[in-house]
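Me: Could you take a close look at one part of this protein for me? I'd like to understand a single helix and how its surroundings fit into the rest of the fold.

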Amino acid sequence: MAVTKDQVLAALGKVASPHGEPLPATGALSDVVVTDGKVFFSINVEAGAVPKWEPVRKAAEAAVRAVPGVQSALVALTAERAAGAAGAGGAAGAGPQRAAAAARGPSAAQAPEGVKAIIAVASGKGGVGKSTTAVNLALGLRDIGLKVGMLDADIYGPSVPKLLAIRGKPQTRGGTRLLPMDGYGLKVMSIGFLVEEETPMIWRGPMVMSALTQMLREVEWGTLDVMVVDMPPGTGDAQLTMAQQVPLAGAVIVSTPQDLALIDARRGVAMFARVNVPVLGVVENMSTFICPQCGTRSDIFGHGGARREAERLGVPFLGEVPLDMAIRETSDSGRPVVATDPDGPHAAAYRAIAAKVRDQLGGTARAAPKIVIEA
Ligand SMILES: Nc1ncnc2c1ncn2[C@@H]1O[C@H](COP(=O)(O)OP(=O)(O)O)[C@@H](O)[C@H]1O
Ligand SMILES: [Mg+2]
């Protein structure tokens, strides 16, 4: 017997909020997502009220787990700005307003003001070159004239500061607002700045939710045509919740050509479909290898697998990036190839991918037309 959302809500009806009302009546619940016996949702509360709500979160998880047929339950507390503060999208406001925000479901989270489109770069597993692709894609978007921000949301290995050679911590303005860092003309925030490296993985899940909210709401992003998010790898509950929390315009899936990586990529496509986020396309990374000594082409991880898979899944194929020492070296030393070798073939490949992504976004992320004054 498949578990239904109503069963879950009925179970949550027996869990009381800190004020004693049944949880579903508080208006603090996000949409409840139930898939294959897995349940996830978040409880949106004011930042200051988090300690009071933590036992409620635990009780909610336990109540849902006790429903017959439920295999796992993930409940996240998401802290919104205090009531009355600007820019909270109304989610921390009065009951009805908050309920309306919750009713909008997975996309209830609002993009920060001035940010036209947010896209996720995701992969079914780690080590496929997701961060390298995200950074070079962001720089490619910058090169075709867009204002670009980069949000590093990879809980397992935030690497954007290293890839863009950013040192130090972000400054604050007025005590609460964070200023993004600059990396090659991109505005950058990383989860690495907000969650200490020593934080055990088990604590990261809930912390990441509030860190994400903070990175979206409490950073002075200014006006951006597009924000590129380096998502955590994988397609588990944590990733799904995250995909739900960030108001995404679309997702780019990175895969190597091997079968194994493709299976993971397929899960990625399915995951975004589940939360109604359009897949902008698939990038095949570490495609062909061209020997620097002899120029011979060899397909170490196979070739063309991602293109065929994209066709099969009916999602656009965005392009191939070869397996090349220059990409690895520039990436790992904080000199991304699009920024440091803009005339080379790799930069051209990333810019072509960027142009396809921009076209997929349609009107939302277009740069303002440049006015050319002829002499
Ligand atoms: N196309 C490529 N050619 C050569 N090395 C690459 C390529 N893409 C990524 N790498 C290297 O592979 C490693 C993993 O890449 P990374 O972007 O950190 O992956 P992920 O974010 O998926 O874990 C890094 O050392 C990176 O420099
Ligand atoms: Mg990475």
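Reply: Happy to, and T133 is a good place to start: this residue is buried, because its relative accessibility is 2% and anything under 20% counts as buried. Please keep in mind that this is a predicted model. T133 sits in helix α4, which covers residues 130-143. Beyond its neighbours within four places in sequence, T133 is in contact with V254, V283, N285 and Y350.

That last partner, Y350, leads us to the helix that packs against α4. This is α13, made of residues 345-361. The axes of α4 and α13 are 8 Å apart, and the angle between them is about 75°. The two helices are therefore roughly perpendicular to each other, since angles of 65 to 115 degrees fall in that class. From α4, the contact uses T132, T133, N136, L137, G140, L141 and D143. From α13, the residues taking part are Y350, R351, I353, A354, V357 and R358. Sorted by class, this contact has six nonpolar, four polar and three charged residues.

Now follow α4 along to L141, another of the residues that meet α13. Leaving out residues up to four places away in sequence, L141 touches I119, L146, V148, V226, V228, A354 and R358. L141 also belongs to the largest nonpolar core, which has 84 residues. Within that core, the residues with the most contacts are I119, L137, L141, L151, V228, F272 and V357. Two of those names, L137 and V357, appear in the α4 and α13 contact as well. As background, nonpolar side chains in soluble globular proteins tend to be buried together. Apart from this core lies another one, of 23 residues, with W53, A60, V67 and V75 among them.

F272, also on that list of core residues with the most contacts, takes us to a second helix pair. Here α8 (residues 237-245) packs with α9 (residues 259-274), their axes 10 Å apart and at an angle of about 45°. That angle makes α8 oblique to α9. The contact brings Q239, L240 and A243 of α8 to M271, F272 and R274 of α9. By class, four of the residues in this contact are nonpolar, one is polar and one is charged. As for handedness, α8 passes α9 in a right-handed crossing.

For a contrast with T133, try D6, in helix α1 (residues 5-12). D6 is exposed, because its relative accessible area is 59% and exposed means over 50%. In sequence D6 and V32 are 26 residues apart, while their C-alpha atoms are 9.4 Å apart in space.

Two backbone details are also worth finding on your screen. A165 is not a glycine, yet its phi is positive, at about 55°. A165 lies in the loop between α5 (160-163) and β6 (172-173), and is partly exposed with a relative accessible area of 34%. M286, in strand β12 (residues 279-290), is another residue other than glycine with a positive phi, near 60°.

Finally, stepping back to the whole chain, there are 13 helices and 14 strands. Of the 375 residues, 51% are buried. Among contacts with a separation of 6 or more, 72% come from residues 24 or more positions apart.

Note on methods:
Residues are numbered from 1 along each chain as its sequence is written. Chains are lettered from A and ligands numbered from 1 in the order in which they are written. This is a predicted model: local features need pLDDT of at least 70, side-chain atom pairs count only at pLDDT 80 or more; totals for chains, interfaces and linings use all residues. Side-chain values use heavy atoms; hydrogens and water are left out. Axes are lines fitted to C-alpha atoms, for helices over the stretch in contact, and angles run from 0 to 180 degrees between N-to-C directions. Helices (H or I, at least four residues) and strands (E, at least two) are DSSP runs, numbered from the N terminus. Angles under 35 degrees count as roughly parallel, over 145 as roughly antiparallel, 65 to 115 as roughly perpendicular and the rest as oblique. A crossing is left-handed if the near helix is turned anticlockwise from the far one by less than a right angle, and right-handed if clockwise. Contact means heavy atoms within 4.5 Å. Ala, Val, Leu, Ile, Met, Phe, Trp, Tyr, Cys and Pro count as nonpolar, Asp, Glu, Lys and Arg as charged, and the others, Gly among them, as polar. A nonpolar core is a set of buried Ala, Val, Leu, Ile, Met, Phe, Trp, Tyr and Cys residues joined through side-chain atoms within 4.5 Å. Buried means under 20% relative accessible area, exposed over 50%, partly exposed in between (1.4 Å probe, protein chains only).
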